[in-house]
Amino acid sequence: MSATSAEFVNEPLLELRRAEVRTAATAALAALDAQLPLEVPMLIGTELVGGEVFASVDPGAPERVVARAHAATVGHVDAAVGRAVDGQRAWSLRSASERAAVLRDAATLLRDRRLELAALAVRECGKPWPEADGDVCEAIDFLEYYAAGAEALDRGRALIQLPGERNTMRYVPRGVTAVIAPWNFPLAIAAGMTSAALATGNAVILKPAEQAPACAKAVVDALHAAGVPHDALSLLPGGDEPGRALVADPRVHTIVFTGSCAAGLSILERAATVQDNQFHIKKVIAEMGGKNVVIVDADADLDDVVPALLSSAFGFAGQKCSAASRVLVHAQVADALAQRLSGAIRTLQVGPADDFATDVGPVIDAEAQQRVGRYVAKGTATAAHVATAGDSLPTGDGFYVAPALLVGLADAHPVIQDEIFGPVLALQSVASIEEACERVDASRFALTGGLFSRSPRTVERVSERTPVGNLYVNREITGAMVGRQPFGGGRLSGTGPKAGGPDYLVQFVEARTVTENTVRHGLVV
């Protein structure tokens, strides 16, 4: 549903249990497969630019090349930023309502290509169908929500007025914005960060993750087709080189990043350096992941806890910054929960993302497969109990990892401390909810968290105590919805602004106040 400035409704998910929907999805995937590999050039202004070619592949079948992308260099970044500086002038002069209309048209284009785009996320990033469809829906939601938000922001804020004085405040675009997007939500996050900058009048250069260039191009194509000028939106596929160059360029005003903590901290450090020909302080908006904990009280209903943990820890093979990676369970129910989780994990079906029966798809690439394997091996060596779904791993060269439950690890263990970004869940017993809160508070991350309890007092106490940006009570801890659960954390999980919330667009603008003396001293003739 298209949103106006006064209303917003989340895009409904497909009912994939229906046979006709599955048939349509399968047909969309077959049509996509017939077009592979897709070509993803650099888009710099109106030019389609070639470069050194690299491939994105299907994580479940790496022999299938999904896209042939052209890698940007420092020289391409220089050219794209130059075009963005020109594009900034024209795009920023458009009214907020004009820019909002363009974003809404882009949302319509994504909606019209919904199954095709979901199929692309299935192939390029190994997202199972429900996750892939949700990715498209969230991309649409961001476009609609930020379009409405830009119109609201344009109306300004009420200021105190006194006799003889008129005070006004308006918001203006910050300037050229570099968007460095991840692969795990290849449509949604790319669309969200890009559309927030565009909605507020900024030109954008999008540098997607090298694993997902085709998904990013689909977003850019929709925005261009909807009316975003080519100079106001460029696409630079590639690895670290274009990302580093964008962060360092003195003409870039804002950097929007989603990815690892290490990469985010590096961006913050480099962006803090003001060069001789730079007359602004760069704004960095960074979401840097987390080590997310679910607390389970003694009175929790384990019938609710088990499926929620399975979904939170193993959905999309645990490759979400919001995924559950650690559960702290009251000692009274710890053994019972460990036993039930162990049995449930063994029922999970690991398989290709395009199989509607798949519970856990592949991880994104061989490096991720090896990294997760190392953590599981370390945890298995010292855990009191281990449960996996390893008996049903597919054959072939796909990047599959068996979901693992590791029980009884010490707090200092790397599995407890590090963000693994894979299907690994650690379970620890605690004597009280207070002890669980203290362990959560000891973490350097503060993104999402969960609590299962039937006690309103416990819910209130944990809600007040927890440092996390998003706390979910008696439900799974993934799947934040635009407009309903603004998403973002603190500490080393990010710089704080919540995507999909009412304060996000303010990060992309500067406020300017004008005060006029209205006591006239004659008139100009």
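Visitor: Which element gives the largest share of the lining of the second largest pocket?

Guide: In this predicted model, the largest share, 6 residues, comes from α9, where a helix is a DSSP run of H or I of at least four residues, numbered from the N terminus. Lining residues have an atom within 4 Å of a point of the pocket, which is an open set on a 1 Å grid over the protein atoms alone, with protein on both sides within 12 Å along at least five of seven lines.

Visitor: Which residues lie nearest the centre of that pocket?

Guide: Of the 38 lining residues, W183, F257, G259, S260 and A263 lie nearest the centre of the second largest pocket.

Visitor: Why is R475 called partly exposed?

Guide: Its relative accessibility is 23%, and buried means under 20%, exposed over 50% and partly exposed in between, with a 1.4 Å probe and protein chains only, so R475 counts as partly exposed.

Visitor: What is said of salt bridges for D141?

Guide: D141, in helix α5 (residues 129–154), is buried yet has no salt bridge, and the nearest side chain of opposite charge, R111, is 6.5 Å away, whereas a salt bridge needs a side-chain nitrogen of Lys or Arg within 4 Å of a carboxyl oxygen of Asp or Glu.

Visitor: How are these values obtained?

Guide: Local features need pLDDT of at least 70, side-chain atom pairs count only at pLDDT 80 or more, and totals for chains, interfaces and linings use all residues. Residues are numbered from 1 along each chain as its sequence is written, and side-chain values use heavy atoms, with hydrogens and water left out.

Methods
1 Å grid on protein atoms, 1.4 Å probe; cavity = no way out; pocket = protein on both sides within 12 Å on 5 of 7 lines; lining within 4 Å. Helix = DSSP H or I, 4+ residues; strand = E, 2+ residues; numbered from the N terminus. Lys, Arg positive; Asp, Glu negative; His and termini not counted.
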